[in-house]
There are 2 protein chains.
Amino acid sequence: MDPLVIFTPSGKRGRFPVGTPVLTAARQLGVDLDSVCGGRGICSKCQITPSYGEFSKHGVTVADTALSEWNSVEDRYDRVRGLKKGRRLGCQATVQSDIVIDVPPESQVHKQVVRKAATVRDITMDPATRLYYVEVAEPDMHTPSGDLERLAVALSEQWQIDTANLRLDLPVLSKLQPALRKGQWAVTVALHQGHNDRHERILDIWPGYFEGRLYGLAIDLGSTTIAAHLCDLRNGDVVASAGVMNPQIRFGEDLMSRVSYVMMNPGGDAEMTGAVREAINTLAFEISAEGGIEPAQIVETVFVCNPVMHHLLLGIDPVELGQAPFALATSDSMSLDARELGLTAINPAARVYILPCIAGHVGADCAAVALSEEPNKSEDLVLIVDVGTNAEILLGDKRRVLACSSPTGPAFEGAQISSGQRAAPGAIERVEIDPVTKEPRFKVIGSDLWSSDDGFAEAAAVTGITGICGSGIIEAVAEMRAAGLVDAGGLIGSAEQTGTPRMIPEGRTHSYVLFDGTADGGPLISVTQGDIRAIQLAKSALYAGARLLMDELGVDTVDRVVLAGAFGAHISPKHAMILGMIPDCPLEKVTSAGNAAGTGARIALCNRAARAEIEETVHQIHKVETAIEPRFQEHFVAANAIPHATAPFRLLRALVDLPNPSFNANSGDGDGRRRRRRG
Amino acid sequence: MDPLVIFTPSGKRGRFPVGTPVLTAARQLGVDLDSVCGGRGICSKCQITPSYGEFSKHGVTVADTALSEWNSVEDRYDRVRGLKKGRRLGCQATVQSDIVIDVPPESQVHKQVVRKAATVRDITMDPATRLYYVEVAEPDMHTPSGDLERLAVALSEQWQIDTANLRLDLPVLSKLQPALRKGQWAVTVALHQGHNDRHERILDIWPGYFEGRLYGLAIDLGSTTIAAHLCDLRNGDVVASAGVMNPQIRFGEDLMSRVSYVMMNPGGDAEMTGAVREAINTLAFEISAEGGIEPAQIVETVFVCNPVMHHLLLGIDPVELGQAPFALATSDSMSLDARELGLTAINPAARVYILPCIAGHVGADCAAVALSEEPNKSEDLVLIVDVGTNAEILLGDKRRVLACSSPTGPAFEGAQISSGQRAAPGAIERVEIDPVTKEPRFKVIGSDLWSSDDGFAEAAAVTGITGICGSGIIEAVAEMRAAGLVDAGGLIGSAEQTGTPRMIPEGRTHSYVLFDGTADGGPLISVTQGDIRAIQLAKSALYAGARLLMDELGVDTVDRVVLAGAFGAHISPKHAMILGMIPDCPLEKVTSAGNAAGTGARIALCNRAARAEIEETVHQIHKVETAIEPRFQEHFVAANAIPHATAPFRLLRALVDLPNPSFNANSGDGDGRRRRRRG
């Protein structure tokens with residue numbers, strides 16, 4: 001018999017062949033064990049604690065040799081980062097005999113605080129599905145015709161609807177006769193008239209006059225978060241918003257990890273497709289309950305997502321998106337039955353609209369941003385940046401719009417950061433550093449107080465202070481630069497150089513201690529030299545993408561910048577400027593668009609013409625491929641310095657009396673090259 | 001605990017609440033127990049033999065009181081027809097405690113010999129689905145587009161196909177990328193272009209050039225039999241034919257029994273829908289094996305059926321068809337995905353076309369006969385009669401076509417006949433009676449010999465001689481009339497009146513013994529007065545329907561008669577004439593069309609224009625409703641006599657030197673009235 005594997009605290013158990021990695025066993029059992037890299041031994045988020053000895057409760061005795069021997073990957077990780085005593089890496093340790101495995105809290109995937117929120121925006125209401133009340137002629141034996149055919153005549157005569165190509169699902173057809181008789185030859189139908197559908201479709205039928213309303217879901221299917229808005233299809237009101245984590249995270253945090261998972265695990269795409277569809281069904285149930293409606297009243301759903309999410313939602317193997325030439329299976333918009341996506345929670349005849357993709361790296365989410373922010377209608381030159389795990393960048397005006405995607409990686413989201421964590425309660429999300437004393441103050445998610453405020457300790461005790469999230473690390477790095485703790489090349493100064501004991505040595509480099517909870521058994525939260533490098537890489541990629549589009553358009557400046565996504569909502573433009581994440585632009589010309597992709601989805605949900613419009617727009621957007629463009633690499637290297645751009649730098653230096661230290665003779669190189677090139 | 005019910009010989013068992021009829025228990029367990037009337041105590045085909053005592057093998061002891069007491073229905077049946085010792089009626093006896101029940105062979109539903117066969121007919125090939133080989137441009141990172149979009153361009157450029165509204169199911173889309181790469185940027189697609197579909201649909205994709213062929217199924221979904229022809233969609237060749245019994249028979253033999261079953265059993269429609277869909281899947285597997293093809297090569301299916309079968313196939317409650325005004329849920333043709341009908345055996349993306357219904361009693365099967373026989377294009381006045389459990393009747397020429405349905409009942413199919421059985425091995429199917437000696441000779445299904453031929457006894461020993469089927473009883477009655485054994489009123493003469501000892505008394509009437517096997521423990525097969533009455537009722541209904549249409553058209557004769565269905569294939573026109581089943585017409589103008597409905601289905605399968613044509617034709621056919629027409633009743637009564645019509649009667653009398661006895665002063669009335677009316 002195969003060895004028995006028991007996970008605590010969940011109690012989930014199962015038998016697995018000798019040699020099965022613990023992470024694989026956890027996934028198959030649905031155990032909440034984190035993994036950022038998809039089991040490739042890179043992220044070390046899947047740490048577990050094996051237990052040995054006799055467990056009468058579980059009925060097993062665990063031998064010392066129940067897991068495979070410590071391997072070179074674990075060895076290296078322990079040398080470089082240190083692995084707590086008793087810990088193993090779940091993706092490296094394999095099952096040898098019966099074993100009890102504990103998943104420590106920090107290895108569990110927490111339910112994230114979903115921060116995408118609906119923004120208020122006027123949308124002209126013209127949804128694809130509307131209710132029509134019709135009075136239908138009674139059947140006549142002498143001129144026989146079907147009830148459906150008489151309903152079609154009534155729709156045509158009473159509502160001037162072209163019913164020559166009326167369609168309806170068989171389960172809806174089976175409702176017709178009872179509804180007509182119960183309603184005394186009057187019914188209300190939900191009729192779908194798609195902008196690119198040559199058929200009119202009856203999605204549902206009610207006897208007599210139906211008092212209820214129809215609803216639609218606008219879903220922003222992100223790599224990390226699935227956010228939905230439930231909209232009243234009569235007036236566009238958002239009656240409820242809800243979000244869940246994308247359960248695909250357990251197969252790999254970033255897109256390429258998920259593509260790799262499919263490459264290494266045949267059928268892995270179907271696993272991920274099933275997981276995301278199930279999560280959407282759950283979300284639909286929850287949001288219906290929150291909105292106080294029946295899930296069957298949801299008759300429309302619009303999705304926006306990046307190409308990998310797009311393919312995995314549709315059940316298409318995404319491997320082609322992981323390699324040049326990054327070919328999409330299909331790029332056009334899609335109109336289909338919710339049933340085809342297994343969305344059984346909502347009305348069984350509901351329709352789905354998925355916005356078109358722009359290219360293999362620039363998805364329907366970018367199209368939705370374009371629909372929401374309309375760069376193609378802008379009089380002045382606008383740069384739109386939407387940061388998730390990848391950054392989607394749009395640049396243009398009414399004459400021409402360019403787009404690209406830049407692989408910023410997950411650093412902006414708190415991943416690949418030493419004390420990094422997701423934006424969950426307990427995470428440091430705001431940081432300020434006094435330029436004189438070099439002392440920090442911060443805010444944690446779950447409290448409105450600054451760490452310098454009275455009562456903060458009590459407030460923070462509720463959640464604990466557990467790590468630093470994406471917005472926190474960006475602010476921390478920018479503030480460190482502004483306070484002179486980091487030079488233009490990104491090098492952290494020593495305690496001597498900076499004059500603050502918060503600088504502690506870390507190998508040959510230094511770290512800045514934001515919070516030391518070790519006295520109470522808590523974490524030491526610091527910004528390491530590695531963290532600075534990770535942020536530098538991410539912001540360089542973002543900046544290089546924007547610069548590439550500017551080169552393509554032959555411009556050196558933009559008139560305004562729109563920050564969208566989590567970036568726009570939670571990262572202050574000031575700190576983005578200090579870091580040099582975005583090109584030169586007057587600070588007052590930098591605005592936040594909130595969740596522009598979600599807004600685009602809502603527009604497409606409420607307005608059929610908008611669907612046709614974005615399909616047309618997408619064909620006019622010129623895609624620039626960063627992966628094969630030598631200048632991208634050039635810009636990337638040049639953008640390494642903090643800050644690289646002179647205008648906001650000067651501006652901010654004036655504002656905060658910014659010193660400009662240099663701790664290393666080589667650190668200014670990037671900046672220097674940048675200036676030379678532009679001069 | 002509920003009583004345990006064990007059926008033998010199947011061994012099927014289950015627990016049922018006290019009071020459950022044995023027939024109900026048998027159905028729920030899927031036990032092969034016949035029922036013609038759907039459990040209404042009419043047909044007495046559900047006879048069972050309860051066993052009492054101790055059954056160690058089954059682990060039960062059966063009390064004397066395990067079934068309910070003998071009831072009045074069983075009492076009456078025993079008095080009138082005689083119930084074998086130990087037998088009970090399964091629909092009347094109810095379960096009281098643990099019981100072992102034997103289903104005797106004659107109560108089991110035998111696998112019928114399917115006699116519908118494809119007739120040879122030229123059909124212009126223009127199927128909705130064709131194969132197209134296309135070479136697709138490779139993806140280009142600099143001008144990104146989806147693989148599907150480039151395939152659409154290739155189809156448009158290389159085949160001049162309008163791909164503006166190309167659709168494909170997600171599972172087909174997921175095949176595209178691997179197929180393109182495996183086929184080195186060439187694929188073969190199965191493209192469906194429906195005659196009334198505004199979308200082009202890709203049903204399947206193969207890498208490179210696909211060597212195989214596409215096939216379609218033409219399915220004649222009858223109340224009793226489901227017959228299918230597997231056709232090569234390139235040349236229309238029928239590569240295999242197969243048939244199965246319609247499993248809905250266990251819910252009631254005739255249509256109204258099935259409608260009653262739904263009325264009395266909520267959810268009964270879903271049960272019947274599931275049963276017929278499962279049978280069609282099985283049939284599709286079998287016919288694919290017979291044709292030596294993969295079921296996935298079947299990409300099209302056409303159905304013809306009566307309205308009740310139509311609704312039950314679609315999953316629509318048929319109750320409205322059981323009561324005036326007989327309203328169909330939908331009358332138009334239907335184009336849908338095979339998936340919607342649960343037809344999972346064939347290609348998952350296969351399309352289904354269902355011919356339109358003419359009215360609540362005149363279905364897509366009648367439309368298929370019209371498509372095959374084209375009365376609307378006839379120069380002379382043609383009467384087309386398609387007999388199943390209901391008769392579909394078409395009358396007209398190129399100026400006008402009328403249609404009606406007549407409730408002939410199942411007598412023509414051997415049901416409601418004392419020695420009747422389905423057309424299965426052992427059934428008497430042909431009968432001749434010597435007009436001088438009054439001695440019969442006959443043929444049984446399974447042997448080519450007449451009973452008067454040498455070697456017949458040995459040949460018949462293989463199957464036994466078990467009963468008489470539909471064509472047998474019709475010939476027997478006609479021959480009895482021709483031999484002077486029955487008078488014009490339908491009364492059977494006594495042994496004295498007819499001079500043959502084969503006449504035996506049966507109450508106050510007489511029976512004619514066709515075969516007496518009682519000496520060897522076999523059956524006594526006779527034609528009773530009740531049998532003659534049943535045939536008289538059936539033929540009167542058929543004749544009255546035809547006459548009603550003739551009245552409507554203002555004609556007294558027709559130029560020609562086409563016999564279709566089982567009727568046309570197995571009943572000789574001569575005997576139909578003698579019986580007076582059809583109106584006056586020169587014998588040489590009576591032709592058989594074979595399975596015209598099946599032929600119509602094949603035409604619609606192979607030719608898209610034919611679909612549009614029959615949809616147009618159906619709107620021009622004028623439906624006459626027999627159920628509410630007083631003249632139908634009048635014709636029905638008038639048509640009771642054998643024969644009622646003078647012309648063939650005289651003709652045949654001349655041919656066979658027919659005597660014209662009258663055994664009863666009243667018996668000639670019908671005939672007399674008929675003659676008076678026409679004179």
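1. Between which strand and which helix of chain B is Pro21(B) found? In this predicted model, Pro21(B) belongs to the loop that lies between strand S2 (13–15) and helix H1 (22–29) of chain B.

2. The surroundings of Pro21(B) deserve a remark. Pro21(B) counts as buried because 21 C-beta neighbours lie inside 10 Å, and the threshold for a buried residue is 20 or more. Leaving aside neighbours within four places in sequence, Pro21(B) is in contact with Gly39(B), Gly90(B), Cys91(B) and Thr94(B). A further pair can be noted: the C-alpha atoms of Pro21(B) and Gln96(B) are separated by 9.6 Å, while the two residues stand 75 residues apart along the chain.

3. Turning to chain A, five strands form an open sheet with mixed pairing, in the order S2-S1-S7-S3-S6. Its edge strands are strand S2 (13–15) and strand S6 (88–89) of chain A, each of which pairs on one side only.

4. Within this sheet, strand S1 (residues 4–8) of chain A and strand S7 (residues 99–102) of chain A run parallel and are joined by four bridges. Phe7(A) stands opposite Ile101(A) in S7(A).

5. As to the two copies, a turn of 180 degrees with a shift of 0.1 Å along the axis lays chain B on chain A with an RMSD of 0.2 Å. That is the relation of a two-fold axis. Among the residues of chain B, Arg198(B) comes closest to the rotation axis, with its C-alpha at 2.9 Å.

6. The interface is consistent between the chains: 100% of the interface residues of chain B are also interface residues in chain A, so the copies meet through the same surface.

Definitions and conventions
Residues numbered from 1 in each chain as written. Chains lettered and ligands numbered in written order. Predicted model: local features only at pLDDT ≥ 70, side-chain atom pairs only at ≥ 80, totals over all residues. Least-squares fit on C-alpha atoms with pLDDT ≥ 70 in both. Contact = placed C-beta atoms within 7 Å. Helix = DSSP H or I, 4+ residues; strand = E, 2+ residues; numbered from the N terminus. Buried ≥ 20, exposed ≤ 12 C-beta atoms within 10 Å, placed from the backbone. Pairing = 2+ DSSP bridges.
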